[in-house]
Structure formats: structure tokens, C-alpha cells
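User: Hi! Could you teach me how to read the way two copies of a chain sit together, and then how to read a helix?

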2 protein chains.
Amino acid sequence: MGLRPTIKDVAAEAGVSLKTVSRVLNGENSVAPATAGRVLAAVESLGYQRNESAANLRRLGQSTSIIGLVIEDVANPFYSVLARAVEEVTRDNGYLLMVASSGEDPAQEVEVIRAFCARRVDGLVVVPTGADHSFLRLEMAAGTAVVFVDRPGIGIESDTVVAANARGAAHGVTHLLDHGHRRIGYLGDDPGIYTAAERYAGYRQALEAAGIDHDESLVRLGVSDAVAAEASATELLSRPDPPTALFGGNNRLTIGVVQATQRQNGQRVAVVGFDDFELAAMLDPPVTVVSQDASALGRTAAELLFRRLDGDRRPAQQVMLGTTLVVRGSGEIPIGIRSNEREGVGS
Amino acid sequence: MGLRPTIKDVAAEAGVSLKTVSRVLNGENSVAPATAGRVLAAVESLGYQRNESAANLRRLGQSTSIIGLVIEDVANPFYSVLARAVEEVTRDNGYLLMVASSGEDPAQEVEVIRAFCARRVDGLVVVPTGADHSFLRLEMAAGTAVVFVDRPGIGIESDTVVAANARGAAHGVTHLLDHGHRRIGYLGDDPGIYTAAERYAGYRQALEAAGIDHDESLVRLGVSDAVAAEASATELLSRPDPPTALFGGNNRLTIGVVQATQRQNGQRVAVVGFDDFELAAMLDPPVTVVSQDASALGRTAAELLFRRLDGDRRPAQQVMLGTTLVVRGSGEIPIGIRSNEREGVGS
DNA sequence: CAAGCCGCCGACAACGTTGTCATTCGGCTG
DNA sequence: CAGCCGAATGACAACGTTGTCGGCGGCTTG
């Protein structure tokens with residue numbers, strides 16, 4: 001099997017020196033047009049392609065033009081939208097993107113970050129999972145730019161882009177309060193996760209602002225997927241004095257909550273969720289959500305990263321992106337209506 | 001800013017030669033334990049990390065332990081699930097994954113594949129977009145393994161993993177025929193896309209097998225997103241002699257179709273779609289779909305790729321994965337019921 | 001016409017690592 | 001004690017590329 005041709009082969013074919021080929025390939029102007037023509041013809045005929053690894057090794061600064069993205073799970077729509085935004089910015093800057101999932105496992109997170117750094121990525125966009133990211137200090141000192149997104153990294157200072165989780169959740173809960181709900185259940189993921197803790201805090205703040213005592217029995221934390229959320233919600237609703245409204249702490253949990261409420265015959269429950277999801281508007285009733293812009297999170301993080309790569313040396317920046325309450329109807333279900341009748345809740 | 005330490009620095013720190021450090025790092029056994037200890041201590045104290053690019057450059061065979069994945073759009077759930085499966089297999093094999101989107105643009109596809117090859121990825125998993133992939137012949141000759149997934153590559157022979165698109169679509173259409181539908185509308189993407197053409201063919205085959213003349217006026221091709229699908233479906237349904245059922249050619253189009261049917265007051269339309277989507281079961285009525293296993297597609301493709309990297313030299317394989325008809329109710333809407341009444345269609 | 005300059009080009013080193021081969025040294029065999 | 005062996009280590013080249021420097025002509029300039 002013929003291995004790949006090198007500039008040496010091209011040089012031989014064109015009858016010039018290595019360096020001349022290199023010059024032509026890099027568009028340096030001190031090559032006679034005729035020579036350049038011969039070199040290009042040789043490149044064409046041999047199907048030569050520059051070995052970027054070797055070039056990056058030699059070039060000073062050792063830029064690989066590769067960005068690493070570490071997310072929890074590519075298959076989660078929130079992260080895949082974020083990933084697309086990062087990829088777009090990356091490509092626009094002429095870089096390539098490597099993606100790895102941490103699976104919410106700190107050990108795996110460290111491992112993939114190390115693997116990225118061993119490949120000498122120029123920058124990292126990280127949705128941090130572990131409890132300590134101080135090991136990144138070394139990488140940053142070595143010149144690798146790091147931007148945290150969705151959650152702040154712990155034990156290290158670096159650019160960070162997060163959504164206004166607490167404020168957004170409070171907004172959603174307030175929407176329920178405004179519609180008269182007083183017993184509002186909350187389903188959240190493990191509060192060890194930054195976003196989960198923030199949103200839960202927002203929930204409590206909204207209740208407190210409304211002068212409502214916090215009733216722990218209406219709260220279920222550590223709920224990590226739609227199936228568990230459905231079970232928890234069903235259980236909450238079957239209690240003696242059930243909540244009249246439920247708040248879902250993230251897209252997966254909200255879906256579980258909606259599934260639970262759909263199964264509740266003769267008991268309609270208001271629902272608001274954090275994070276929009278594709279068909280929220282098409283459910284019955286359409287689901288009101290606190291929408292965070294995953295695409296904007298990714299884009300902002302990537303832009304921040306490239307600003308660093310362009311030499312920006314200002315102190316670490318913390319960016320908080322606002323959320324939007326998308327009112328679709330599910331939050332407006334009046335208390336006391338517990339029949340199967342369909343109310344005319346517009347989309 | 002202190003740049004990264006090299007084995008040279010480690011060697012100096014430990015008072016040994018470059019080669020000894022290299023030996024320790026690669027676990028070669030001809031190093032005295034005491035020396036190895038000093039080297040490891042130096043590695044630790046300097047925070048040394050091997051530069052994989054340089055190592056790969058030197059090592060024979062020049063493996064980078066990187067796999068490239070080219071898909072249409074990371075943010076499309078079908079592809080993001082596929083991507084996750086590929087990533088899992090990749091990581092299990094100790095490789096890293098680079099992902100790039102082609103955006104259904106042949107020029108961009110060529111560009112990202114070239115970029116991957118310039119980085120000397122060991123293998124490529126490609127959802128092909130362009131009309132000609134013969135340019136990959138060179139890369140394959142140079143030793144890069146290539147597996148096509150979701151669609152076959154054109155103008156080149158290589159391992160391919162696709163779903164049973166035609167058979168699956170025929171299955172879905174037959175389901176509608178079995179429920180008495182005779183006027184079945186079809187919405188499909190650009191038939192230049194392999195999967196779209198196959199599914200459309202399956203639709204026609206099913207009609208033909210049922211002895212039904214193909215009515216072109218019920219078909220809309222080249223529909224590329226949910227918004228366009230909703231418009232096309234609405235238009236089809238407002239015709240003088242509207243279809244009683246609609247088949248959506250992919251997940252996005254099915255969603256548009258469902259949106260259109262939800263807006264049809266007083267006219268209930270049966271819907272079956274190709275490709276499952278997250279909340280299909282929660283819509284009203286729950287949407288019957290022909291489900292393809294995106295995860296299995298990705299996993300199978302990646303496994304095929306690693307078999308090649310492990311030295312498998314058998315001729316190119318074509319794998320076709322089956323689809324599953326997931327009956328949820330939307331296909332069973334009886335003809336003639338055109339009121340707003342809710343039928344008791346179970347989930 | 002000498003001096004200088006510029007366009008064009010090649011020899012060589014270097015990037016960080018590993019493969020090849022040579023060297024040293026202690027101990028063992030004959 | 002000569003000879004040999006193997007363990008441990010190092011010197012050097014090489015991977016494919018680019019940076020540095022210098023050389024060779026031909027042209028302009030004083």
C-alpha cells in the first residue's frame with residue numbers, strides 16, 4: 001500500500017528542493033511562477049496533502065488549530081445544540097473541533113481533557129462535571145485557553161458562560177404564583193450539579209418573595225432522568241394534599257413531569273419547566289418553559305475562547321445569559337379545575 | 001509564560017538521557033527501577049505530558065488514534081444519537097473523536113474530510129452528502145479506513161451501514177393501507193438524498209402492492225424542514241379531495257405534518273412518520289412511526305471501522321439494519337371521522 | 001566598473017519523540 | 001584471567017515540516 005507522499009516526494013517530482021515546495025505550499029511570494037507551477041503540478045499528480053501534525057510540530061507557538069469540547073452527553077438536545085454552535089464558530093475560525101462526552105463522570109472528564117491536552121488542542125470549551133478543576137491550571141499555564149460553559153469550573157478562575165439559572169427558575173415559579181398556585185412542587189437533578197442547585201435556589205427565592213413557607217415535602221431532588229421524574233411526579237401528585245403545579249428542573253425532568261400529569265385522570269396540574277424542548281408547544285396543554293438559549297451559550301463561549309486565542313489577556317470574564325419565559329398555557333391551568341374538560345388554552 | 005516541558009527537560013531534571021525517559025514513558029523494561037523512579041519523579045514535578053503529535057509523527061505506521069465523524073448536523077437528534085454511539089465505541093477503543101458537520105453541503109463535506117485527513121485521522125465515519133466520493137479513494141489508498149453510514153457513498157466502494165429505508169417506509173404505508181386508507185399523502189426531502197429516495201420508493205412499492213394507482217398530486221418532495229412540511233401538509237389537506245392519511249419522510253417533516261394536522265379543525269388525519277422522535281408518544285394522538293435505531297447505526301459503523309483498523313482486509317461490507325413499526329395510534333384514525341371528538345386511542 | 005541589492009533558491013537545523021545501534025560495566029563461564 | 005554475555009544507558013538519526021541563513025545570478029546605482 002503506497003503510503004502518503006511527503007514534500008520530499010513532491011520536491012523530487014518537481015526537481016526542486018524541500019524548502020521551495022514548502023514555500024509554494026505556504027504561499028510565500030519569493031518563488032518564480034514557473035517553479036511554483038511545476039511544484040503545484042507535482043502536488044496534483046502525487047495527490048500530496050500536507051501533514052498538519054508535522055507542520056504544527058515545527059511551527060512556533062505550536063498551534064494545532066484544534067479546539068476540544070467536553071460535554072456531558074452529545075445526545076442530549078441541550079448539549080447537541082450547544083455543540084453545534086461551538087462547531088460553527090470553530091469552523092468560521094478555521095479550526096477543527098474534537099468532541100468528547102464526560103458522561104457526568106469526573107474521572108472520565110479528567111481523562112478526556114488530558115487526552116485533548118496531549119494532542120495539544122489550542123483551546124477547551126468545557127461543561128465541567130467534577131468537583132475540582134484545578135488540574136487545568138497547568139494546562140492554562142502552558143497556554144491552553146479554557147472556557148467553562150453552562151457551569152463554572154471549581155477551584156480555578158477562567159472565562160465562564162452560564163445561563164441565569166436562579167433568576168430564570170424564579171421567573172418560572174413566579175409565573176405559577178401569579179396564577180394563584182401556592183403549592184408548587186419542584187423536581188430537580190442532583191444539587192451537586194451547579195445548574196440544579198441554582199435553579200432550586202431560584203425556586204425557593206420566588207416562594208420566599210411571595211411569603212410562602214418552603215414545604216420540603218413538595219421537593220424531589222436527585223432526580224436524574226425522565227423516567228425517575230415521572231415516578232416522582234406521580235408520587236407527589238398522589239399525596240393527600242398534592243401540589244397544584246409542578247416545576248421541572250431541566251428538559252428531561254419536565255418531560256417526565258408532563259408524562260405523569262398526562263396520566264393523571266381527572267386532575268389537571270400546571271407545569272412549568274426549565275429549558276425549552278422541541279415539541280413543548282405541541283403537547284396538550286402546550287408547556288410553558290423557562291427557555292435558555294443553548295446556541296447562544298455555545299456561541300458565546302466559543303467566541304470568548306477565540307478572543308483569548310487572538311491574544312486577549314484581560315482577567316477572566318463571567319458572562320451570564322438571560323433566560324426567557326415562554327408562556328404557552330401549561331402554567332395557567334386554574335386551580336380547582338380537576339375534570340377532564342379541555343379548557344381553551346391557546347397556543 | 002512557561003511553555004510545556006519536553007522529555008529533554010525531564011531528562012535534565014532526572015539526570016538521564018532523552019532515550020531513558022522515553023523508555024520509562026513507554027514502559028520498556030530495560031530501565032533500572034531506581035532510574036525509572038527518578039524519571040517518574042521528574043515527570044511529576046514538571047507536570048510533563050507527552051506530546052502525542054510528535055510521538056505519532058515518529059512512530060511507524062503513524063497512527064494518531066483519532067477518528068473523524070462527518071455528519072449533516074449535530075443538532076438533529078438522529079445524528080446526535082448516532083454521534084454518541086460512535087463516540088462510545090471510539091472511546092472504548094482508546095481513540096478520540098473529531099466531529100464536523102457538513103451541513104448537507106458537498107463542498108463543506110469535502111473540506112472537512114480534507115481537514116481530517118490532513119490531521120491524519122486513522123479512520124472516518126461519514127454520512128455522505130455529495131454526489132461523488134471518489135476523492136476518498138486516495139485517502140483509502142493511503143490507509144485511512146472509511147465507513148459510510150446512513151447513506152452509501154457514491155463512486156467508491158467501502159463499508160456501509162444503512163437502515164432498511166424502503167422496506168421501513170413500505171411497512172409504515174402498509175399500516176395505513178391496512179386501516180383502510182387509500183389516499184395517502186407523502187412528504188419527503190430532496191430525492192437527491194439517498195434516504196429520501198429510498199423511502200419514497202418504499203411508499204410507491206406499498207401502494208403498488210395494494211393495487212393503488214400512484215397519485216402524484218398527493219406527493220410533495222424537496223421538503224426540507226418542519227416549517228415547509230407544515231405548509232405543504234396544510235396545502236395538501238386543503239385540496240378538494242384531500243388525503244386521509246399523511247406519511248412524513250423523516251423526523252423533522254413528521255413534526256411539521258403533525259403541526260399541520262393539529263391545526264386542522266374538524267378534520268382528523270392519520271399520520272405515520274419515518275424515524276422516531278422523543279415525544280412522539282406524548283402527542284395527541286400519539287404518533288405511529290417507523291423507527292430506525294440511530295444508535296445501532298452509529299455503533300455498527302464504528303465497530304466496522306475498528307475491525308478495519310485491526311487489520312480486517314475482507315471486501316467492503318454492506319450492512320442494512322432493520323426498522324421497527326412503532327404503532328401508537330395516529331395511523332389508526334378511522335376514515336370519515338372528521339369531527340373534533342377525541343377517540344379513545346390508547347397509548 | 002565596483003558595489004550593492006534583490007529575486008530566487010537550497011543546505012541545514014530544529015520541533016518532540018522514538019528506533020537503531022553502540023557503549024559501558026559487572027558478573028559469569030571456561 | 002581472558003572472553004563473553006546481558007543489563008542498563010546514551011548518541012544519533014529519523015519522522016515531515018518550517019525557520020534561518022547564506023549563495024548565486026542579474027540588475028541597478030554611483
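Analyst: Happy to. Copies are superposed by least squares on the C-alpha atoms of residues with pLDDT of at least 70 in both. This is a predicted model, where local features need pLDDT of at least 70, side-chain atom pairs count only at pLDDT 80 or more, and totals for chains, interfaces and linings use all residues. Residues are numbered from 1 along each chain as its sequence is written, and chains are lettered from A and ligands numbered from 1 in the order in which they are written.

User: What turn and shift lay chain A on chain B?

Analyst: Two copies of a chain are related by a rotation about an axis and a shift along it. Here a turn of 180° with a shift of 0.1 Å along the axis lays chain A on chain B, with an RMSD of 0.2 Å. That is the relation of a two-fold axis. Met98(A) is the residue of chain A that comes closest to the rotation axis, its C-alpha lying at 2.0 Å.

User: How many residues does each chain give to the contact?

Analyst: Residues are in contact if their C-beta atoms, placed from the backbone, lie within 7 Å. Chain A gives 46 residues and chain B gives 46 residues. The copies meet through the same surface, because 100% of the interface residues of chain A are also interface residues in chain B.

User: And which residues of H12(A) are buried?

Analyst: Helices are DSSP runs (H or I, at least four residues), numbered from the N terminus. A residue is buried if 20 or more other C-beta atoms, placed from the backbone, lie within 10 Å of its own. In H12(A), the buried residues include Leu297(A), Ala301(A), Leu304(A) and Arg308(A).

Technical notes: Two residues are in contact if their C-beta atoms, placed from the backbone, lie within 7 Å. A residue is buried if 20 or more other C-beta atoms lie within 10 Å of its own, exposed if 12 or fewer, and partly exposed in between; C-beta atoms are placed from the backbone. Helices (H or I, at least four residues) and strands (E, at least two) are DSSP runs, numbered from the N terminus.
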